[in-house]
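Good morning, colleagues. I should like to take you through one structure today, and I would ask you to keep the display in view while I speak.

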Amino acid sequence: MFSFINIFRIVALLEGVSYILLLFIATPIKYIADNPEYVKLLGMPHGLLFMLYIILAFMLRKDMKWTNNEFGLILLAAIIPFGTFYVDKKFLKPQKNG
């Protein structure tokens with residue numbers, strides 16, 4: 001069964017991957033090979049995933065009991081390469097007891 005936290009984890013993963021592809025593959029191809037097609041292809045999905053990530057973070061903030069600093073870091077992670085992967089590991093992944 002899907003919960004908002006699981007949906008947020010999936011969106012965070014997809015947003016992170018799309019951002020990395022956009023920054024490190026599509027953008028260099030655009031400027032080095034003069035081919036903007038990959039940026040056009042990845043830009044819209046990444047933008048939608050980014051907005052969904054932010055919306056879900058706001059929706060989960062109260063239930064997850066994130067402090068202002070934690071919440072700020074979670075939002076900031078959306079614009080830092082590999083940031084959403086850190087958020088998943090630090091704030092979203094179920095912690096093992098023991």
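Asp-34 sits in the loop between H1 and H2. Its backbone deserves a comment: phi of Asp-34 is near 55°, a positive value in a residue other than glycine. With a relative accessible area of 68%, Asp-34 is exposed. I should add at once that what you see is a predicted model.

Which other residue has a positive phi without being glycine? That residue is Phe-82, with phi near 70°. Phe-82 is placed in the loop between H3 and H4. Its relative accessibility is 47%, so Phe-82 counts as partly exposed.

Those two loops bring me to the overall arrangement. The protein chain contains four helices and zero strands, and the pattern read along the sequence is α-α-α-α. The C-alpha trace spans about 50 × 25 × 25 Å along its principal axes. Of the 98 residues in the protein chain, buried ones make up 30%. Among contacts with a separation of 6 or more, 62% are accounted for by residues 24 or more positions apart. The accessible surface of the chain comes to about 6,800 Å², and carbon and sulfur atoms hold 68% of that surface.

Let me turn to charge. The chain carries 10 positive and 6 negative charges, and the mean positions of these two sets are 10 Å apart.

How many salt bridges does a search of the whole structure find? The search finds two. One of them joins Asp-88 to Arg-9, where the closest N and O atoms are 2.5 Å apart. This pair links distant parts of the chain, since Asp-88 belongs to helix H4 (residues 83–92) and Arg-9 to helix H1, 79 residues apart. The partners also differ in their exposure class: Asp-88, at 17% relative accessibility, counts as buried, while Arg-9, at 24%, counts as partly exposed.

There is also a salt bridge between the side chains of Glu-37 and Lys-40, at 3.9 Å from N to O. Here both residues lie in helix H2, three residues apart, about one turn of the helix. Glu-37 is partly exposed at 47% relative accessibility, and Lys-40 is exposed at 57%.

Against that background, consider Glu-15, which is found in helix H1 (residues 4–32). What is the nearest side chain of opposite charge to Glu-15, and how far away is it? It is Arg-9, at 14 Å; Glu-15 is buried yet has no salt bridge. A salt bridge requires a side-chain nitrogen of Lys or Arg within 4 Å of a carboxyl oxygen. As for its surroundings, leaving aside neighbours within four places in sequence, Glu-15 is in contact with His-46, Leu-49, Phe-50, Tyr-53, Ala-78 and Thr-84.

Tyr-53, one of the residues in contact with Glu-15, leads us to the aromatic residues. Phe-8, Tyr-53, Phe-58, Trp-66 and Phe-71 form one aromatic cluster. The structure holds seven aromatic pairs, and I shall describe one, that of Phe-58 and Phe-71. The ring centres of Phe-58 and Phe-71 are 4.9 Å apart and the ring planes stand at 80°, so the pair is edge-to-face; planes over 60 degrees apart fall in that class. Phe-58 lies in helix H2 (residues 37–64) and Phe-71 in helix H3 (residues 68–76), so the pair ties together parts that are 13 residues apart in sequence. Is Phe-71 buried or exposed? Phe-71 has a relative accessible area of 5%, and is therefore buried.

I close with a residue in helix H2, Asp-63. Asp-63 is exposed, with a relative accessible area of 63%. How far apart are Asp-63 and Leu-14, in sequence and in space? They are 49 residues apart in sequence, and their C-alpha atoms are 22 Å apart in space.

Thank you for your attention.

Methods. Residues are numbered from 1 along each chain as its sequence is written. Side-chain values use heavy atoms; hydrogens and water are left out. Helices (H or I, at least four residues) and strands (E, at least two) are DSSP runs, numbered from the N terminus. Buried means under 20% relative accessible area, exposed over 50%, partly exposed in between (1.4 Å probe, protein chains only). Contact means heavy atoms within 4.5 Å. Accessible areas come from the Shrake-Rupley method with a 1.4 Å probe; for residues, only the protein chains shown count as cover. Lys and Arg count as positive and Asp and Glu as negative; His and the chain ends are not counted. The place of a charge is taken as NZ of Lys, CZ of Arg, CG of Asp or CD of Glu. Rings of Phe, Tyr and Trp (its six-membered ring) pair if their centres lie within 6.5 Å; planes under 30 degrees apart count as stacked, over 60 as edge-to-face and the rest as tilted.
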